[in-house]
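Colleague: Before I use the labels on this model, I would like to hear what each one rests on. Please show it to me first.

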Amino acid sequence: MTEVKLIFAKDELISGNEARKNFVAQQKATHCSVLIDDTHYVVIKEAEKANMEKVRSTAGDIARELAGQKVDKAIVKEDVLGNVFVGLDKVEVTTAFAEGWDLGSYQFLSYKSEAERFSTELEIDGNDAQAAVQSGKIRAAATAFSRDLMNELSDVLNPETYPEVLKQKFEGKDVEITVHGKEQLKEMEMNGLLTVNRGSKYNPSFVEIRYEGDASKPLVALVGKGVTFDTGGISLKSGKDLSSMRMDMGGSAAVAGAMQLLVDSQAKVNVVALIPMVENTPDANSVFPGEVIRYKNGKTVQVGNTDAEGRLILADALIRAGELNVEYIVDIATLTGAIVNALGSEIGGVFGDEELSFVMKKVGDRNGDYVWPMPLVEAYDKSLASDYADMNNISSLNFAGSITAGLFLRRFVPENSKWLHVDMAGMMSKSSASGYYAKSATGYGARLLADYTVEISK
């Protein structure tokens, strides 16, 4: 068995040998490999301005590199991590390192005929290490589940099969799952789902997952957009390669991963996941621009653009959250390209309750799922006016698309609920492997929603 030891750059083995010391110092990366007396060492430099994201990223880089070298096992002492990441809590560092390690090892190989899954086992030695490592593994597994859902093919994961995947994932766990099919959706008057899904060969679904870790806590609804493929409908998208549109259910994947994290960590929260599932495709039955949807709450919406479908199904879910009398709501979606123009590909935007937006920002700063509070500009609300209905699903403005999408959703938020909306379109996937991210879906939002739910439930 091939084995590697992870050591600190100031270890006597390095600092006591001038040639090795100079070699390590000249390396630009945060770590490097050194062979000493037939033993493979990975030398980690002291982190400048250490934070938990650096811990996760360093671990991910090392894990991916060693997996590529087919190294079976890596061993590191807890004190080594404390020396590398000075000034941070030792237990939190151990958890973050284990989390980053497992996520850095992530691979989606379901359709690679000759690829074999391989990862390097991590062993952290220390008196307090095991519980911290287990916590990191639980966090990584939840994010990896979100990644798996997003990476899966749209003919495998569709509005009919998606509920079955979730039922299987949570089988035997302390949750209650309810799946509403097409006929039930008609009875529930979820007309947004039914309309958006009209062109699909699959039936729409609406999934509710209930977890009561502590029934005395306020009920939190996590709402995730589950568009398993988005062609744009009749307002057909253009582009050389639309295959990433299978990831338009990234919001629902975030919610599913968050639920796994909350359940597996036995969090003391009271939470319900609400996931509308559709496929947005063009055919003779598809909704046409100009048609009007009447929602259960009596509001009517003119469909100005069938590619602004996410908000049409989230509206149903927000109405459902009101029926359940939830105190807090977070909806998350790959909603607008405008948020990418505003914030780029390293951070999501959060809209809604101003105080809670900053609570979520602090949560994201700690766990790596970064968000930035965005405004809901009242002056733009009138741009959603329609000549034929109460509102249009798109704005008449040629700017502020992520803001007006948030303003649209706000019209369906229950009166007594505290609401946040996360637009994660820029965080959907990575174009290259780096840190603990693979070149694929990110799994963004799973940690953000879970940790936020815990924070507001204290």
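Modeller: What follows takes a helix, a strand and the nonpolar cores in turn; the model is a predicted one.

Colleague: How do you know that H13 spans what a helix should?

Modeller: H13 covers residues 354–367, which makes 14 residues. At 1.5 Å a residue the expected span is 20 Å, and the distance from the first C-alpha to the last is 20 Å, close to that value.

Colleague: What makes certain residues of H13 buried?

Modeller: The label needs a relative accessible area under 20%. Leu 356, Ser 357, Met 360, Lys 361, Val 363, Gly 364 and Asn 367 carry that label. Seen down the axis of H13, these buried residues fall within an arc of 165°, so they line one face of the helix. On the other side, Glu 354, Glu 355 and Lys 362 are exposed, a label that requires over 50%.

Colleague: Why is Asp 353 called a cap of H13?

Modeller: A side-chain oxygen of Asp 353 lies 3.1 Å from the backbone nitrogen of Glu 355. The cut-off for a polar contact is 3.5 Å, so Asp 353 is taken to cap the N-terminal end of H13. After H13 comes Gly 368, with a positive phi near 95°.

Colleague: Why is strand E10 called mostly covered?

Modeller: Eleven of the eleven residues in E10, which runs over 270–280, are buried. Asn 270, Val 272, Leu 274, Pro 276, Val 278 and Asn 280 point one way, while Val 271, Ala 273, Ile 275, Met 277 and Glu 279 point the other way, and all are buried.

Colleague: What makes E7 and E8 partners of E10?

Modeller: Pairing takes at least two bridges. E7 is joined to E10 by eight, in the antiparallel sense, and Ser 205 stands opposite Met 277 there. E8 has five bridges to E10 and is parallel to it, with Leu 219 opposite Asn 270. Both therefore count as paired with E10.

Colleague: Which residues have the most contacts inside the largest nonpolar core?

Modeller: That core has 54 residues, and the ones with the most contacts inside it are Leu 166, Leu 222, Met 259, Met 360 and Val 422. Helix H10 supplies the largest share, nine residues. Apart from this core lies another, of 46 residues, which includes Val 272, Tyr 295, Leu 312 and Leu 384.

Colleague: What is Met 360 in contact with, leaving aside neighbours within four places in sequence?

Modeller: Val 330, Val 350, Val 371, Leu 420, Val 422, Leu 448 and Tyr 452. Met 360 is also one of the buried residues of H13.

Technical notes: Residues are numbered from 1 along each chain as its sequence is written. This is a predicted model: local features need pLDDT of at least 70, side-chain atom pairs count only at pLDDT 80 or more; totals for chains, interfaces and linings use all residues. Side-chain values use heavy atoms; hydrogens and water are left out. Helices (H or I, at least four residues) and strands (E, at least two) are DSSP runs, numbered from the N terminus. The expected span of a helix is 1.5 Å times one less than its number of residues. Buried means under 20% relative accessible area, exposed over 50%, partly exposed in between (1.4 Å probe, protein chains only). The arc is that of the directions from the helix axis to the C-beta atoms. A polar contact is a pair of N or O atoms within 3.5 Å; within protein, one must be able to donate a hydrogen and the other to accept it, and residues adjacent in sequence count only if both atoms are side-chain atoms. A nonpolar core is a set of buried Ala, Val, Leu, Ile, Met, Phe, Trp, Tyr and Cys residues joined through side-chain atoms within 4.5 Å. Contact means heavy atoms within 4.5 Å.
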